[in-house]
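Biologist: I would like a close look at a single part of this chain, and then its setting in the rest. Please take it step by step.

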Amino acid sequence: MLALAPWAVVRARADDPPDPTSIRPQIGDHLVYFDGPNDGKPIRVADLELGGPQVQAYPADPKGLLRDNSRLNLIIVARVGEDGMSEETRANAAEGVVAYSGVCTHQSCPVNMWSVERKSFVCSCHGSIYDPKNDADILFGPAPRHLAALPLKSENGLLIVAGPFNRRLGGEKG
Ligand code: FES
């Protein structure tokens, strides 16, 4: 049997395939609940409350391999309905459901709260508020950029990734 010395390291080689659990969402991936009673299950449009709040999700390949090995893959998903949606957001939505990066563009906190009054995503760290119906535009707070949108489609009621994130992920300091 081969014994490795305690200090032995295995370095990734340039031609190694990328780790499928940490690459960005791929076209055809499912969105899967990150926590709660449905943790690990695919998200169905019909299960989401119309009008919010968001749920947290990660992408998973069609066989169920979760891409949760990068915190930049955290996604927020909300069924906000199509009324009042901007054209850009409508193009990325599926059946009134939108998906965005769940990592705040200020200092990378998870965007894990919801404003009932403004029907908007809220980052609890410093209060940035993002408009889910208008490409996650910044309504309040220190966030410097919109959240990245993740294009969706629905297949048999399930939410499927239809394209890559549309802008840079994470906060100013990564
Ligand atoms: S990290 Fe979100 S507002 Fe500061």
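Biologist: In which loop does Ala143 lie?

Modeller: This is a predicted model. Ala143 lies in the loop that runs between strand 8 (137-140) and strand 9 (152-155). Its relative accessibility is 8%, and the cut-off for buried is under 20%, so Ala143 counts as buried. What does Ala143 touch? Leaving aside its neighbours within four places in sequence, Ala143 is in contact with Thr105, His106, Ser128, Tyr130 and Ile138. Gln107 can be placed by distance: Ala143 and Gln107 are 36 residues apart in sequence, yet 8.1 Å apart in space, taken from C-alpha to C-alpha.

A second loop comes next. Ser108 sits in the loop between strand 4 and strand 5 (113-115). Its relative accessibility is 9%, so Ser108 counts as buried. The backbone at Ser108 has a phi near 70°, which is a positive value in a residue other than glycine. Most residues other than glycine have a negative phi. Glu95 has a positive phi too, near 50°, and is likewise a residue other than glycine. Glu95 is placed in the loop between helix 1 (87-92) and strand 4.

Strand 4 itself covers residues 97-101, and five of its five residues are buried. Strand 4 pairs with strand 3 (residues 75-79) in the antiparallel sense, over five bridges. One pair of bridge partners can be picked out: Ile76 is matched with Tyr100 in strand 4.

Going back along the chain, the loop between strand 2 (55-60) and strand 3 holds Arg67. Is Arg67 buried or exposed? At 6% relative accessibility, Arg67 counts as buried, because the cut-off is under 20%. Leaving aside its neighbours within four places in sequence, Arg67 has contacts that include Pro20, Thr21, Ile23, Arg24, Gln26 and Asp29. Also among the residues in contact with Arg67 are Tyr58, Pro59, Ala60, Asp61 and Asn73.

Another backbone detail belongs to the loop between strand 1 (30-33) and strand 2, where Pro53 is found. The peptide bond from Gly52 to Pro53 is cis, with omega near 10°. Most peptide bonds are trans.

Now the chain as a whole. Its secondary structure comes to one helix and ten strands. Read from the N terminus, the order of elements is β-β-β-α-β-β-β-β-β-β-β. Of the 174 residues, 45% are buried. Among contacts with a separation of 6 or more, 55% join residues that are 24 or more positions apart.

For overall size, the C-alpha trace spans about 65 × 40 × 30 Å along its principal axes. A compact globule with 174 residues would have a radius of gyration near 16 Å, and the chain has 17 Å, which agrees.

The surface and the charges complete the account. The chain exposes about 9,500 Å², and carbon and sulfur atoms supply 54% of that area. There are 18 positive and 21 negative side chains, and the centres of these two sets lie 4 Å apart.

To return to the part you asked about: Ala143 is a buried residue in the loop between strand 8 and strand 9, and its contacts include Thr105 and His106.

Methods. Residues are numbered from 1 along each chain as its sequence is written. This is a predicted model: local features need pLDDT of at least 70, side-chain atom pairs count only at pLDDT 80 or more; totals for chains, interfaces and linings use all residues. Side-chain values use heavy atoms; hydrogens and water are left out. Buried means under 20% relative accessible area, exposed over 50%, partly exposed in between (1.4 Å probe, protein chains only). Helices (H or I, at least four residues) and strands (E, at least two) are DSSP runs, numbered from the N terminus. Two strands pair if DSSP finds at least two bridges between them. Contact means heavy atoms within 4.5 Å. The radius of gyration is taken over C-alpha atoms; the globule rule is 2.2 Å times the number of residues to the power 0.38. Accessible areas come from the Shrake-Rupley method with a 1.4 Å probe; for residues, only the protein chains shown count as cover. Lys and Arg count as positive and Asp and Glu as negative; His and the chain ends are not counted. The place of a charge is taken as NZ of Lys, CZ of Arg, CG of Asp or CD of Glu.
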